[in-house]
Amino acid sequence: MFETLGFEETTPRLASLYFALALGLGFGVLAQLTRFCFRRALIGEDRRQAAGIWALALAVSVLGTQAAVTQGWISFDGHRLLASELPLLAIAVGGVMFGIGMVLTRGCISRLTVLSGTGNLRALLCIGIFALVAHATLKGVLAPLRSLLGGYTVQLGDYATLAALPGGAPLWSAVIVLPALWLALRSQNSALALLGGATIGALVPLAWVTTGFVLFDEFDPIAMESLSFTAPMSEGLFYVIASSALPAGFGPGLIGGVLVGALLTALLRRDFRWQSFDSPRQTGRYMLGASLMGFGGVLAGGCTLGAGLAGISTLGVAAPLALAFIALGGIVAHRLLRDGSSAAASLSAGSPATPAPQPAE
């Protein structure tokens with residue numbers, strides 16, 4: 001379709017950069033306003049409200065994406081999320097590692113990116129480490145280990161997508177959407193908060209359709225992409241250090257847009273404030289968590305947005321498995337840290353005590 005739009009000086013790649021900047025800007029604003037985060041929805045003190053917003057975003061993303069597929073605008077045939085060989089071991093190991101990492105850093109990578117725009121230096125360090133480890137896992141010294149773990153696969157054939165199961169796409173979309181809507185309606189969120197979650201969800205099909213249909217050019221093809229942070233972080237790092245070798249595309253644009261959107265929102269709401277680490281111990285904890293997320297995100301096929309919110313909208317089998325393992329890793333890590341903090345406090349005080357609160361992120 002791109003060749004019919006009349007752009008003579010703009011390539012699809014450059015157009016995807018501009019679009020990604022706008023997409024990231026919108027996500028950065030909305031995510032800052034709603035405090036959108038899968039970790040918060042899973043184990044946060046206000047997890048009921050956070051889960052409602054996340055669930056509504058998921059419902060809208062599935063409905064919008066599958067509507068676009070039905071209209072014939074996009075197709076996920078041949079997409080990596082629907083690969084016939086499922087790297088089950090990599091998804092399991094990577095998902096659990098990512099879940100542990102997001103608990104150690106008090107936020108999934110999308111939330112940390114948003115927080116970086118609000119003056120949070122803890123989050124800024126984490127996204128730098130995340131990008132470095134993700135890039136090393138994709139193309140650097142950790143790539144052989146990724147290939148080793150990814151070599152253990154399960155052959156799914158045509159059943160790599162839920163749409164191939166009895167009932168087809170309509171039934172399995174409903175299986176995802178209806179419980180998500182129920183959870184959102186029972187979350188006791190304000191209408192404005194739910195609107196923010198729904199709008200975040202709408203960004204997913206918007207990105208699929210724009211990159212896979214509007215900007216499609218058979219003579220200069222670009223990848224069909226949506227909200228994700230693992231590969232874009234790696235691409236953003238490579239662009240920062242070697243921009244003369246490769247022009248910016250969707251990934252760097254998305255990350256840049258999120259940072260700017262979060263920054264503008266924080267400044268306008270007067271939420272911007274510098275925050276840093278309290279101790280070397282805390283610094284080490286966050287660095288470890290960011291490293292685990294960087295390696296785990298690549299193994300699992302994406303983060304809580306790429307393999308979760310956007311991935312599940314494709315109805316691929318790999319995406320819900322990745323999100324389930326991320327949730328498992330997060331819950332186990334949270335309980336171990338909570339029990340360990342309680343035991344340490346009891347020993348030091350000689351009696352049971354409540355663990356000291358961590359920075360609220």
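**Helix α4, the residues that follow it, and the packing of α3 with α9**

Just after helix α4, Arg106 adopts a positive phi of about 60° in this structure, which is a predicted model. Helix α4 itself comprises residues 88–104, and its end C-alpha atoms lie 24 Å apart, in agreement with the 24 Å that 17 residues should span at 1.5 Å a residue. Most of this helix is covered, with 12 of its 17 residues buried; among them are Ala90, Ile91 and Ala92, the glycines Gly94, Gly95, Gly99 and Gly101, and Met102, Val103 and Leu104.

The loop between α4 and α5 (109–116) contains Gly107, which counts as buried because its relative accessibility is 0%, below the 20% cut-off. When its neighbours within four places in sequence are left aside, Gly107 is in contact with Cys37, Arg39, Met102, Leu112 and Met293. The C-alpha atom of Gly107 is separated by 28 Å from that of Pro144, which lies 37 residues away along the chain.

Elsewhere, helix α3 (residues 47–70) packs with helix α9 (residues 191–214) at an angle of about 30°, and their axes are 7 Å apart; α3 is therefore roughly parallel to α9, since angles under 35 degrees count as such. The crossing of these two helices, α3 and α9, is right-handed. From α3, residues including Gly52, Ile53, Leu56, Val60 and Gly64 take part in the contact, and they meet a set of α9 residues that includes Leu194, Gly197, Gly201, Pro205 and Trp208. The residues of the contact between α3 and α9 comprise 14 nonpolar, six polar and no charged.

Technical notes:
Residues are numbered from 1 along each chain as its sequence is written. This is a predicted model: local features need pLDDT of at least 70, side-chain atom pairs count only at pLDDT 80 or more; totals for chains, interfaces and linings use all residues. Side-chain values use heavy atoms; hydrogens and water are left out. Helices (H or I, at least four residues) and strands (E, at least two) are DSSP runs, numbered from the N terminus. The expected span of a helix is 1.5 Å times one less than its number of residues. Buried means under 20% relative accessible area, exposed over 50%, partly exposed in between (1.4 Å probe, protein chains only). Axes are lines fitted to C-alpha atoms, for helices over the stretch in contact, and angles run from 0 to 180 degrees between N-to-C directions. Angles under 35 degrees count as roughly parallel, over 145 as roughly antiparallel, 65 to 115 as roughly perpendicular and the rest as oblique. A crossing is left-handed if the near helix is turned anticlockwise from the far one by less than a right angle, and right-handed if clockwise. Contact means heavy atoms within 4.5 Å. Ala, Val, Leu, Ile, Met, Phe, Trp, Tyr, Cys and Pro count as nonpolar, Asp, Glu, Lys and Arg as charged, and the others, Gly among them, as polar.
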